[in-house]
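Notebook open, structure loaded. I want to go through a handful of residues first and look at the whole chain afterwards.

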Amino acid sequence: MHDDRVQVERRVGRMLAERLRPAVYGESVPLSLASWQAPGEPVPPGVGLSAQYSETKAGEEWGPSWGTTWFHVSGTVPGHWAGREVEAVVDLGFASDRPGFSAEALAMLPDGTPVKALNPMSTWLPVAASARGGEDVDLYVEAASNPDIHGSGVGTYLGDVLTAGSDPLYRVRRVDLAVFERPVWELVQDVEVLDQLMRELSTDSPRRWQILRTLESALDVLDLRDVAGSAPAVREVLAPALAAPAHAGAHVVTAVGHAHIDSAWLWPLRETVRKVARTVSNVTALMDDHPELVFAMSSAQQWAWMKDHRPEVWDRMREKVATGQLVPVGGMWVESDTNMPGGEALARQLVHGKRFFLEELGVETEEVWLPDSFGYTAALPQLVALSGSRWFLTQKISWNQTNRHPHHTFWWEGLDGTRVFTHFPPVDTYNSELSGEEMAHLVANFSEKGLANRSLVPFGHGDGGGGPTREMLARAARLRDLEGSARVEVEAPSAFFAKALADHADPAVWVGELYLELHRATYTTQADTKRGNRRSEHLLREAELWATTAAVRAGAPYPAQALDRLWKTVLLHQFHDILPGSSIAWVHREARETYAEVARELTVIVATAQRALAGDPAAGTSVTFNAAPHDRDGVPAGGAAVAAGAGTARGATMTATVTATGDGYVLENGLVRAVVDRCGLLGSVVDLATGREAIAPGAAGNLLQLHPDVPNNWDAWDVDRHYTRHVTDLVEATSLEPVVPSGAQDGAGVRVVRRFGRSTLTQVVSLAPGARRVDIDTDVDWHEVETFLKAAFPLDVRADRSSSETQFGYVQRATDTNTSWEVARFEICAHRYLHVGEPGYGLALVNDSTYGHDVTRTVRPDGGTTTTVRLSLLRAPRFPDPETDQGRHRLRYALVVGADLLDATREGHWLNLPARSLPGDATVEPLVSVDNEGIVVSAVKLADDAGDDVAGDVVVRVYEALGARAEGRLRLGFDVSSVTATDLLERPLDDGVLALDGDGRVRLRLRPFQVLTVRLARARDA
């Protein structure tokens, strides 16, 4: 037989595009249209519904950037349409090549009841399943004229309402009332499913040819002059092909409705509130017509927005939660970044997320759902388990540039040994349309073939696309049991995970971080946002510690509501496109303003609590408070002491000096001698206790380096390895001058000024009395473009691995490039410290706001090894914010000599938690302390259920920081009646009762990197 396959396939494609899809709507009539442009920011529905509208029509322009236009759509169903299914078709000029990222709208009844969203791939509105002739149509549409940032190119200024301009962006294409020809629509779904399946099957497969001949026969029955009338007969021809059952061993897919809505990205936070309202309205309306639909929705913040801002949408959400169709997942406040948030912040993401779902909906979420974050910390499995969750899902690792992850369903083992059952959907998207191509890809891609046979597919349009569509559900129904395809079941994620675990007898284990081999520049982009996050996290620690201490010691009011609100604000800004720096200018401008207000409020809380503790302000002495988890300068961790006399910094009696030489300056404090050469570089840093030189021979430390920085894609997100091939060393100093200490407790330093390009950078390189670290305080006025600024420290140490602080511990990474996995980690994330060492000696770089680093090794001609650690200080990408990082920045970092991991941990905390002093005469004993410095106190707070009750229980969280088994005693500085180990939500663990020693201490035994939360019930007076 002649092979006419290509001709038949072309015929099918043309008939779908030109005859079948256009025939879904039959006769149509135009609707009347009026509009009102809201001034400025969006208005509440009541204001928009009652506004004065002006007549407009299809073809007219509307919508300045970031504006809101309200449309009134009205008309009457023609009499001869009686009994027909009727819909309104409203195309506001949406982008036609993608489901979201442009204009969006929400249709409402005149009383404000949401009807359905309007999106690029869903332009219909229900009118009547069986219309009455003369029936009125009366709808209002709130339309957002969001600019298409995604398609606007590098350098666009559309990303901020302050710079976007006011020209109209869109033109109304169509506003009609139309007869919905359901038999034609069903036929389109039949043909699409079979056609997509056919094209994915091998040409050697009999099933492919059976479908081809069936489609050919069906088109022969189609009457092109009466598509609607002939549609039922065409469907009869197709029915046997759609009824053929799947193979007994076919892969099984759990399809979960989903709409990934970034809490901010190419739109501001305020627009996300409306995106959520639109998508949820879509989904709940679809659920009314399709009871089988199960939709998973993460991010408690987005649920809370509906509760606070759109109560009518919130009511519908609660209704569908009760039916089991709308399923809360994620258990986090937002889908956060997990690389950069501190340990306590990552714990609070889970606490606030899970608690919201428990308190508002009575649902205990079990899945941590992070499909799009840019890599996953090794600390996460333990926190997942401690939150009471069981499962973890992402697909982002499929974006790796270099290495394919070997598993899709596996146990993920974290820092401390905790394992969490994990799934990567092999469909490699969280926006599936349940297409034939996607089904074929996931089956071929699934790594566990022969060991397991089940995967999950999140389906639906995200980011303003409106979520699942009726077309997707039609595909799911046809793919439920179809020969040649995977079987598709629409069900909740929890059902999938339970079945997947039962299905897989012995899942593989992946140990350690899930490093994303992409988007590495997100550790550095938008430095102000990262600085604001780091500062906020440490201020929250201080605020909770001192407010709790003041409540217990002085009966001072505890600002529970303020702390709750501020925590949620910080957690929101850890969303995976805010903290990583990959959002538009508007988002980061508001983030800077928000962080400043957070700092102001928290500083007031800290000052108020400390004032309540410090004693008499007129005593003529001062009290020094130490919020760090280790004793400092004679002040206990978590306590305060009356300031001692001069010259006792860090328990030392030596002072710091600066001495001029012919080639620069020498800084010395009895512990460290540092040479700042005539170029302003660290030519030498000697540990005087050992005589060991830290800087590699022939090299210089604190070498600032500039790299051209134009990645292959994704400007704000990516740095590609080719950037290292071109470097400019900043070795010319504009000026060099000493900073002479004015008192015995002051540091000595050298001020270095450099000018390059359009930027000016000033550094003070200094030594403090009694310190074993060289501090570098950097103030830069940055005006470079597409440039990467690094600070390099070539160190004379042979380190085969680096130890980077992460949440509740550290992660070790090889410094070699033996495998493609090591090669791909050319940029890494560290928190407060990065440590390198060899047996017997180590060095650490600590910082107050930097996350990006790189570590490399070279062997010198003398046979020694140089391990170079570089901090990534600033970038200047042009998309999506064309002014990224432009302006003033202050960055602090330091080189610590003779440092082990405990030293690195201490110094990192000390740099980020400076001591505070205020007038007073009181000594404040810590509420808790630990006699093992490797056990670090992460938080001291009143219990969440205490509210503002100053007599509430105290909660303390500790962790083992050094990667070793640790024993210690938790000393309690107040009377307690019981001690209980709890989960992160402060619920008792099984066998969680801890015993008090006779002297009122609690014995602790922790495994490496274990996190332990302890609830201390306050003793009540009889």
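**R310**

I started at R310, which sits in the loop between α7 (300-309) and α8 (311-323). This is a predicted model, so I keep that in mind for everything below. Is R310 buried or exposed? I looked up its relative accessible area and got 7%, so R310 is buried, the cut-off being under 20%. Next I listed what R310 touches beyond four places in sequence: P45, L106, M108, E142, A277 and W305. I also checked a distance, C-alpha to C-alpha: R310 and N626 are 44 Å apart in space and 316 residues apart in sequence.

**H630**

H630 was next, in the loop between β23 (622-626) and β24 (639-642). Its relative accessibility is 3%, so I put H630 down as buried. What does the side chain of H630 find as a polar partner? I found the backbone oxygen of E933, 3.0 Å from a polar atom of the H630 side chain. E933 also turns up in the contact list of H630, leaving aside neighbours within four places in sequence; the others there are A637, L902, T905, R906, W910 and V936.

**E413**

I then moved to E413, in strand β18 (residues 409-413). Why do I call E413 buried? Its relative accessibility is 17%, and buried means under 20%, so E413 makes the cut. I checked its side chain for polar contacts and noted one with the side chain of R419, at 2.9 Å. Beyond four places in sequence, E413 is in contact with P381, T418 and R419, and also with the run V509, W510, V511 and G512.

**T214**

A quick stop at T214, which I place in helix α4 (residues 206-221). With neighbours within four places left out, T214 contacts V237, L238 and A241. I also took the C-alpha separation of T214 and L31: 40 Å, with the two positions 183 residues apart along the chain.

**Strand β51: D991 and L994**

Two residues here. D991 is found in strand β51 (residues 988-994), and L994 has its place in β51 as well. Are they buried or exposed? D991 has 79% relative accessibility, so I count D991 as exposed. L994 has 23%, so L994 goes down as partly exposed.

For L994 I pulled the contacts outside four places in sequence and got V979, A981, V1002 and V1014. The C-alpha atoms of L994 and T163 are 59 Å apart, for residues 831 positions apart in sequence.

**Backbone oddities**

I went looking for unusual backbone geometry. As background, most residues other than glycine have a negative phi, and most peptide bonds are trans.

Back to D991 for a moment: its phi is near 55°, a positive value in a residue other than glycine. W714 also has a positive phi, near 55°, and is not glycine either. I located W714 in the loop between β30 (703-708) and β31 (728-730). With a relative accessibility of 32%, W714 counts as partly exposed.

Which peptide bond did I note as cis? The one from F879 to P880, with omega near 5°. P880 lies in the loop between β43 (865-874) and β44 (887-896).

**The whole chain**

Last, I zoomed out. How many helices and strands are there? I get 18 helices and 53 strands. The radius of gyration is 32 Å, close to the 31 Å that the globule rule gives for 1022 residues, so the protein is as compact as a globular protein of that length. I took the span of the C-alpha trace along the principal axes too, and it comes to about 100 × 75 × 60 Å.

I looked up burial over the 1022 residues, and 62% count as buried. For contacts with a separation of 6 or more, 75% are between residues 24 or more positions apart.

For the surface, I noted about 36,200 Å² exposed, with carbon and sulfur atoms supplying 49% of that. My last look-up was charge: there are 100 positive and 137 negative side chains. The centres of the two sets lie 2 Å apart.

How values were computed. Residues numbered from 1 in each chain as written. Predicted model: local features only at pLDDT ≥ 70, side-chain atom pairs only at ≥ 80, totals over all residues. Heavy atoms only, no water. Helix = DSSP H or I, 4+ residues; strand = E, 2+ residues; numbered from the N terminus. Rg over C-alpha atoms; globule rule 2.2 N^0.38 Å. Buried < 20%, exposed > 50% of the residue type's maximum accessible area, 1.4 Å probe, protein only. Contact = heavy atoms within 4.5 Å. Areas by Shrake-Rupley, 256 points an atom, 1.4 Å probe, with all protein chains shown as cover. Lys, Arg positive; Asp, Glu negative; His and termini not counted. Charge placed at Lys NZ, Arg CZ, Asp CG, Glu CD. Polar contact = N/O pair within 3.5 Å; in protein donor to acceptor, adjacent residues only side chain to side chain.
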